[in-house]
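The exercises below ask the reader to work through a structure in steps, from the contact between chains to individual residues. Each task is followed by a worked solution.

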Amino acid sequence: MNNIELKAKQIEEEFSIFDDWMDRYNILIDKAKNLEPLDPKYKTPQYLISGCQSQLWLFCEQKNGRLFCKADGDAIITKGMAAIVLELVNGEPLDDIVKYNFEVFDKIGLHSHLSPTRSNGLRSLIKQIKLYAEAYLLKNKSDD
Amino acid sequence: MPWDPILFRNHFPFFSNDLDITYLDNAATTQKNIETINSLSFFYSHFNANVHRGAHYLSIKATELFEDARNKIQHFINAKNSNEIIFTKGTTDAINLVAFSYIEQFCKSGDNIITTPIEHHSNFVPWQLAAKRKDLELRVIPFNTNNYTLDLEAFKKLVDNNTKIIAITQVSNVLGIATPVNEIIQFAHSKNIPVLLDAAQSFPHMPIDVQQLDADFVSLSAHKFYGPTGIGILFGKEKWLAAMPPYQSGGEMIDQVSIDHTTFNELPFKFEAGTPNYADAIAWGATIDFINQCDKNLMFGYEEELWNYAYQKLSSLPFIKIFAIPEQKHYGALSFLLDGIHPYDAATVLDELKIAVRVGHHCAQPLMSILGVSGTIRASFAPYNTKDDIDKLVEGLKTVYKFFNKNK
């Protein structure tokens, strides 16, 4: 089990205590509030991940083959979901991120927020993070 | 006798499934009455054959039913002739047809098209694309956000000798208000300019008489008014349709094809390329029969009563901003925001409470931009909704507000 999977397991346990939707959303809201802020200079169209219903901004960089992301969102529930994504991927090796499929959202009962019809930008956020990871992997290979 | 929403609701099997959903997203699509559902099922079970093609009994029967549906729609909107009714996939498809064929025939570089900033993207983007394609100018009638009215004086100044069409919605899908179509059509016609009315949101909430309106084109979708999805019409005055080139080509719309040249079928078939969605058209005919049995004055009157009740209840909430001027008449939709709560967050909690409303920009981004918001929450009503549905929405909004404020 790699580090992402370990963290996913912890998140699963964190949510497993609650079966009430209000409690689950409370965790998300806490996570949104505790999310490290994104420098306002990145809240521009270049970093925007647009959903039809809510918006996210994402900044990613790599350090020593590991990905580090920061994000912000206008809707707090979407932002809380993004916080979980970042909690999982931040500081992790690029190839682990490329391989991981975020099934944790199934397990914590929030999968519906990832459905394409929700159009809240979360699916695109995950896709974009994976694209960053892939792009950095390629770059690192060509730099070798 | 007053309108009985429960009696009406009993025609809609969706509500007997005991889903316990408060359905307030009728401007997006309505539920379907049993007569419509049965008609679709009965047709496929008994008469299915392709239309306008065979000499065999079933094909003739299917064609008869299909053309019968066309006549029902024709009479429902009081068109002069059934050849003015073109079946389309829906409103968007109908507008795209005009934005292609009319523009192809009648516009040249330097001409202009006039629309409004309160349109659904479906009545905005096709014109924007047409303008790019043919080097035309897209002019927009100013909308006053203080009194929610279009500036008619400014409109008159936008019109000039190069104005070739005016495309305007009859009812806003976000604000639920009607536009001054009579004044616009009258002025446009004094300059011999045709007008397209997007009736997607008006058709379910007011009687549409295309002759009385004197509209040149009218687009609408069946599914907004209990009918099946994937079917709608373009009404067009014969003089325009006859002069316009085909939009898409293929089967049925052809008269003669030789290696060098093709001549096209007469109206309305010229614009119905390929196998039409005849089954849904026929089921839509059954929807129209059903609606015709209802007292439309009572039905539309009840809708107005529901909207007013919703406005009164919602405006009593101290944490709400409603995008409406109550003195105006409203048709179906009511948009609002909760103080400090993103619409997506509100809708997420409302969804947990089994209240279906729509959030986001409602495919009307130019309007969102002039209202200065990124989106709204929209509740929209149909005559099967009850005051109880609205009370549930109000209670739901209180829960939403408490939930997010406890979390501040």
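**Exercise 1. The interface**

Task: Describe the interface of chain A and chain B in this predicted model, beginning with how many salt bridges the rule finds across it.

Solution. Across the interface of chain A and chain B, the rule finds zero salt bridges. The next step is to look for polar contacts, and here four residue pairs are found across the interface, with both residues of each pair at pLDDT 80 or more. Turning to the elements involved, helix 2 (21-34) and helix 3 (76-89) of chain A each supply at least two residues of the side of chain A that touches chain B. Helix 2 of chain A gives the largest share of that side, namely six residues. By residue class, the side of chain A that touches chain B consists of eight nonpolar, six polar and three charged residues. To complete the description, 17 residues of chain A are in contact with 17 residues of chain B, and the area buried between the two chains is about 1,600 Å², with carbon and sulfur atoms giving 59% of it.

**Exercise 2. Two helices of chain A**

Task: Determine how helix 1 and helix 3 of chain A are placed relative to each other, and state which residues meet between them.

Solution. Two packed helices are described by the angle between their axes and the distance between the axes. For helix 1 (residues 3-16) and helix 3 of chain A, the axes come within 8 Å and cross at roughly 140°. From helix 1 of chain A, the residues A:Ile4, A:Lys7, A:Ala8, A:Ile11 and A:Phe15 take part, and they meet A:Ile84, A:Glu87 and A:Leu88 of helix 3 of chain A. Sorted by class, the residues of this contact are six nonpolar and two charged, with no polar residue among them.

**Exercise 3. The sheet of chain A and helix 6**

Task: Give the strand order of the four-stranded sheet in chain A, then locate helix 6 of chain A with respect to the strands.

Solution. The four strands form an open sheet in the order 1-2-3-4, with antiparallel pairing. At the edges are strand 1 (48-50) and strand 4 (92-93) of chain A, each of which pairs on one side only. Within the sheet, strand 2 (residues 55-63) and strand 3 (residues 66-73) of chain A pair in the antiparallel sense over eight bridges, and A:Phe59 has A:Lys70 in strand 3 of chain A as its bridge partner. Helix 6 of chain A lies across strand 1, strand 2 and strand 3 of chain A, and runs at about 20° to strand 2 of chain A. Helix 6 of chain A (residues 122-143) also contains both A:Lys139 and A:Asp143, which are four residues apart, about one turn of the helix. The side chains of these two residues, A:Lys139 and A:Asp143, meet in a salt bridge at 3.6 Å, N to O. The structure holds 28 salt bridges over all chains.

**Exercise 4. The sheet and two loops of chain B**

Task: Trace the seven-stranded sheet of chain B, and then find where B:Pro268 and B:Asn192 lie.

Solution. The seven strands form an open sheet in the order 2-10-9-8-7-3-4, and the pairing is mixed. Strand 2 (85-88) and strand 4 (137-140) of chain B are the edge strands, each pairing on one side only, while the twist from one strand to the next averages 20°. Strand 2 of chain B pairs with strand 10 (residues 232-236) of chain B in the antiparallel sense, over four bridges, and in strand 10 of chain B the bridge partner of B:Phe87 is B:Ile233.

For the loops, B:Pro268 is placed between strand 12 (262-264) and helix 10 (278-293) of chain B, and the peptide bond from B:Leu267 to B:Pro268 is cis, with omega near -5°. B:Asn192 belongs to the loop between helix 7 (181-190) and strand 8 (195-198) of chain B, and B:Asn192 has a positive phi of about 60° although it is not a glycine.

Notes
Residues numbered from 1 in each chain as written. Chains lettered and ligands numbered in written order. Predicted model: local features only at pLDDT ≥ 70, side-chain atom pairs only at ≥ 80, totals over all residues. Heavy atoms only, no water. Contact = heavy atoms within 4.5 Å. Buried area = accessible area lost by both parts, 1.4 Å probe. Salt bridge = Lys/Arg side-chain N within 4 Å of Asp/Glu carboxyl O. Polar contact = N/O pair within 3.5 Å; in protein donor to acceptor, adjacent residues only side chain to side chain. Nonpolar A, V, L, I, M, F, W, Y, C, P; charged D, E, K, R; others polar. Axes fitted to C-alpha atoms, helices over the stretch in contact; angles between N-to-C directions. Pairing = 2+ DSSP bridges.
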